[in-house]
Structures are given as C-alpha cells and as structure tokens.
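This report describes the arrangement of strands and one helix in a protein model. Please examine the sequence and the structure before reading on.

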Amino acid sequence: MNRKDFLKTGMAAGLGSVIHPFLMQKSPSPVSGRARNIIFFSYDGFTWEDFTSAQHFFYRNYGKMLHLERLFKKGLAGSMMSHSLTSMVTDSSAATTAWSTGRKIVNGSLSIYPGGQELTTILELAKARGKSTGVITTTTVTHATPAGWIAKHMNRRDEENIAQQYAAFQADVMIGGGMEAFDAALRSDRKDLYKTFLDKGYEVLTDHHKLAEVSSNKLLATFGEGHIAYEIDRKFRRSDTPSLKEMTLKGIEILNGSDNGFVVHIEAGRIDHANHRNDAGAALWEILAADETLGILMDFVDNNPETLLIMASDHATGGGTVYGVGERYRASSEIHDLLNKRTASFPWIMSQIGNSPSEGVIIDVIQDAAGVRVSRSQASILREAIAGEMVMPDPAAYPRQPVATLAYILKGGTNDDPTHLNINYTTTQHTAGAVPVAVYGNGVVVKPFGLVDNTDLYYWLTDALGISHENPVMTAEAALEYF
Ligand SMILES: [Zn+2]
C-alpha cells in the first residue's frame with residue numbers, strides 16, 4: 001500500500017485522519033463591533049517560548065515591559081492552532097491563507113486549492129467595499145505571508161508571477177524587500193514591473209533613505225534584493241536598511257489618508273528565518289523590532305479608536321527553548337544574558353568568516369559576534385562544513401550547510417556549562433504547537449476568547465468589516481487526490 005492509499009484507508013476508517021474533524025470546528029467570533037480600519041500584525045514563526053525569552057531579556061537589560069506583554073495582559077489574548085489542510089505542521093502560505101480566506105489549504109500554495117479553485121481573500125473583499133489595502137513586511141514583499149492576502153498560486157516560490165498579480169490587484173501600499181520580482185534587469189522574462197506600477201500612478205521607491213519624503217497615496221517600495229537585513233545587523237553592524245518601524249509608520253500614514261478606512265497586513269517576517277537557522281540572537285532582535293512596531297500600532301489604535309489591531313503568530317519554528325542552569329536553576333537568567341553578546345546574525349558571521357578560513361579566523365569572528373570562544377576542534381568542524389567536506393544527509397534541508405554547523409557549535413551545553421547561551425533548538429523546521437494571538441481595539445467590541453483556530457481569524461476580520469462571505473470548502477481527502 002502506498003502512502004496515499006494508506007492515508008485514504010485511515011481516513012475512511014475515521015481514525016488517523018490527516019486532520020481530525022473535531023479540529024475543523026469553527027469557534028464563535030469574539031468581534032461584535034465594526035471597525036473602520038484593521039491592522040493585522042503577524043509574527044512569523046513566533047512561539048510563547050520566544051515571547052518569554054524576549055520578555056526576560058528586555059526586563060533585565062532595559063528595565064522595561066514589552067508592548068507585547070502589555071497587549072497580552074489586556075486580556076484579549078489566547079492561543080491559535082495552526083495545522084493546515086493536509087498536515088499538522090503548517091507552512092507560512094497555508095497559514096496566511098487561513099487568515100485571509102477562512103479556509104485551510106495544502107502547504108506551499110496561496111489562496112487556491114489543488115485543481116485550481118481560487119479563494120477570495122479579505123483584501124479583495126475590503127477593496128471591493130472601498131477600503132484602502134496594504135502589505136508591509138521585512139521579507140520580500142511578494143513572500144508567502146503577504147502574498148496569501150492578494151495572490152492565488154499553487155507555488156508560493158513563484159514570486160515573479162506573484163508580483164504580476166500584485167500589479168493586477170493594486171493594493172495602495174506595498175513595502176518590503178524583493179526588487180528581483182519587479183526589476184526588468186533581474187526578472188527572468190525581463191518585464192519591467194516597476195514601469196507597470198508607475199503607469200498605474202504609483203510612486204515606486206527603492207532607496208529607503210527617501211521613504212520619509214514619499215507623498216503619493218499609492219506606493220510600491222522594494223528595498224534591495226531578497227529580504228530586508230536582520231535587525232541585529234542593522235543595529236550592531238550598520239547594515240544600511242530600513243527598520244520595520246520606519247516602513248510601518250509611512251505605510252500607516254498613507255493608508256490613514258484614505259476616505260473609507262483601510263486593511264493592512266504587517267509582517268515581522270524574519271523571526272521565522274532566524275529560528276529556522278537556530279540563530280537566537282537574530283531572532284531576539286527581530287522580536288524586539290516587532291515590539292517597537294507594535295508600540296506605535298497600539299498608539300495608533302489609542303488615537304484612532306475605530307481601528308482593530310490583531311496580533312498573531314502563524315506557526316512555531318525551530319522549537320527553541322530556554323533551559324534551566326545551575327543549582328536550583330538560579331543561573332538561568334544570567335546565562336540568558338549571554339544574548340547580549342550576540343551582535344550579528346549567522347549570515348553576517350559566515351560572510352566575515354569567508355570561503356577558506358583558518359581555524360583562528362573562525363574562532364576570532366565567533367568570539368566577536370557571539371561572545372563565545374569555540375574550541376579549535378569546533379572551529380575545525382565548521383571549516384570542514386565550509387569546505388564542503390561535510391555533507392548534509394538531505395542537501396535540500398533548511399538551513400543548508402555551513403550555517404547548520406555554526407548553529408551546532410553555538411548550541412547550549414549542559415545545564416552547568418556557564419559559557420553557552422541556554423537556548424537549544426529541537427529542529428530547523430516548523431513545529432506544530434499552538435501560538436500566540438491577541439486583539440487590541442478600544443473602540444471595537446471584542447469578547448475574550450481562548451484557544452482558536454487560524455481560520456477563525458478570517459471571521460473576526462469579516463465580522464469587524466461587516467462582510468459576509470464564505471469561501472468554498474475542500475476536504476483533505478479531495479486535496480490528496482492531486483498528489
Ligand atoms: Zn511562517
């Protein structure tokens with residue numbers, strides 16, 4: 001019996017279903033008031049454990065409470081289940097589709113079922129009712145999480161096509177990285193999508209230093225190729241990139257000038273990338289950058305009470321946990337402060353180490369950027385990984401070598417090893433656990449909620465906007481017929 005038949009037989013018996021029917025039941029929406037504006041702020045690949053780690057770090061080193069803690073303590077917070085249509089572990093595209101359409105789909109696709117049936121997204125519904133719309137992210141602007149609110153595609157990685165769908169949809173604000181999907185010199189078909197946007201009346205921006213000067217009410221801003229650099233490198237290594245806060249301030253300023261309100265999806269998209277790489281320093285600073293942004297968004301809601309702010313993580317990534325150290329775990333917080341010594345991302349560290357380093361160079365660069373003196377034998381393992389002498393069993397595994405080896409030699413030691421940060425990861429993949437979700441909206445009536453499903457959030461959005469729209473349903477069994 002092959003895998004597909006095995007799954008189908010199990011489902012026919014009612015046992016071992018891909019996703020049990022009980023998990024597909026809808027919870028009542030806690031939102032009963034109407035909102036003029038909706039700000040959906042997603043933390044990609046963020047867990048309760050990530051929250052706790054950042055919370056303690058921020059108290060100990062800055063003497064302040066995270067805005068996120070302030071948000072959670074308002075009471076409208078809970079946990080969200082994230083499974084997709086055919087897996088208990090979601091990817092970002094299926095997760096974002098659950099929010100934007102109220103439907104679970106197959107991992108890797110955007111607002112579409114296998115076979116081609118497309119789903120209508122909340123941004124389409126809002127736009128049709130005269131709302132301004134936008135996406136703002138630290139990833140490429142055409143990356144899965146923002147894309148699932150606009151584009152329909154079986155393959156989230158086809159960002160050139162997704163950029164064309166953006167041109168057809170015409171959201172008012174699009175800010176992020178990813179020039180390569182728009183620039184004629186970088187696109188495989190040499191189409192000039194920047195010109196397409198200019199012809200449609202957009203201001204097109206690629207220099208973030210000019211962001212504050214933007215005066216147009218339609219903006220496509222793509223800052224560099226690929227994702228926006230990690231916050232840790234912006235803060236400590238002077239990487240010349242915009243912050244999520246800067247991008248958000250401009251985006252909200254433009255959208256708030258609209259006549260009928262707006263719906264925007266803002267994403268702290270690279271917590272996920274740092275957690276995939278098991279890079280605790282980069283993850284921490286992505287979370288703190290998100291928190292700075294959350295603070296200005298909560299202020300915006302306070303000043304514009306017809307606004308509903310939803311914060312949600314899409315799934316967990318990496319399984320990073322803070323473990324107890326020392327007698328009665330008393331040294332845990334001090335060891336956790338070693339996060340202060342992380343002053344560069346793993347990609348930055350690898351760029352400084354270069355392609356054919358000596359062990360001495362490896363030791364010095366890691367000492368400078370991570371505050372840990374690795375042994376000569378550990379440096380030797382990394383040197384072998386860089387030289388390609390050490391091959392991963394699965395060459396497509398994420399993250400690829402040699403970053404995986406850097407994570408390995410920097411991972412926590414034993415519970416009485418005082419030299420290593422006390423955060424260990426269980427995987428480089430996404431994980432299944434329920435993740436945080438919270439609502440902030442002083443002028444919008446929201447009841448407390450507990451454990452919810454990611455698809456429930458779509459109905460919070462439609463209820464707040466006074467929209468009634470049900471997308472078509474596909475079962476896991478029907479979807480698996482295509483694979
Ligand atoms: Zn994600």
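## The sheet and a neighbouring helix

Leu205 stands opposite Ala221 in S6. The model in which this pair is found is predicted. Strands S5 and S6 run parallel and are joined by 3 bridges.

These strands belong to an open sheet of 10 strands with mixed pairing, in the order S5-S6-S4-S3-S7-S1-S8-S13-S2-S14. Strand S5 (203–205) and strand S14 (451–453) stand at the edges; each has a single partner strand, so one side of each is left without a neighbour in the sheet. From one strand to the next, the twist averages 15°.

Strand S1 (residues 37–43) is mostly covered, with 7 of its 7 residues buried. On one side lie Asn37, Ile39, Phe41 and Tyr43, and on the other Ile38, Phe40 and Ser42; both faces are covered. The table lists the two pairings of S1 with S8 and S7.

| Strand pair | Sense | Bridges | One bridge pair |
|---|---|---|---|
| S1 and S8 | parallel | 7 bridges | Ile39 and Leu309 |
| S1 and S7 | parallel | 6 bridges | Phe41 and Ile266 |

Attention now turns to helix H10. At 1.5 Å a residue, the 12 residues of this helix (residues 244–255) should span 16 Å, and the end C-alpha atoms are 16 Å apart, which agrees. Among the buried residues of H10 are Leu244, Met247, Lys250, Ile254 and Leu255. The buried residues of H10 pack against four strands of the sheet, namely S3 (132–140), S4 (173–177), S6 (219–222) and S7 (262–268), and also against helix H12 (280–303).

How values were computed: Residues are numbered from 1 along each chain as its sequence is written. This is a predicted model: local features need pLDDT of at least 70, side-chain atom pairs count only at pLDDT 80 or more; totals for chains, interfaces and linings use all residues. Helices (H or I, at least four residues) and strands (E, at least two) are DSSP runs, numbered from the N terminus. The expected span of a helix is 1.5 Å times one less than its number of residues. A residue is buried if 20 or more other C-beta atoms lie within 10 Å of its own, exposed if 12 or fewer, and partly exposed in between; C-beta atoms are placed from the backbone. Two residues are in contact if their C-beta atoms, placed from the backbone, lie within 7 Å. Two strands pair if DSSP finds at least two bridges between them. Axes are lines fitted to C-alpha atoms, for helices over the stretch in contact, and angles run from 0 to 180 degrees between N-to-C directions.
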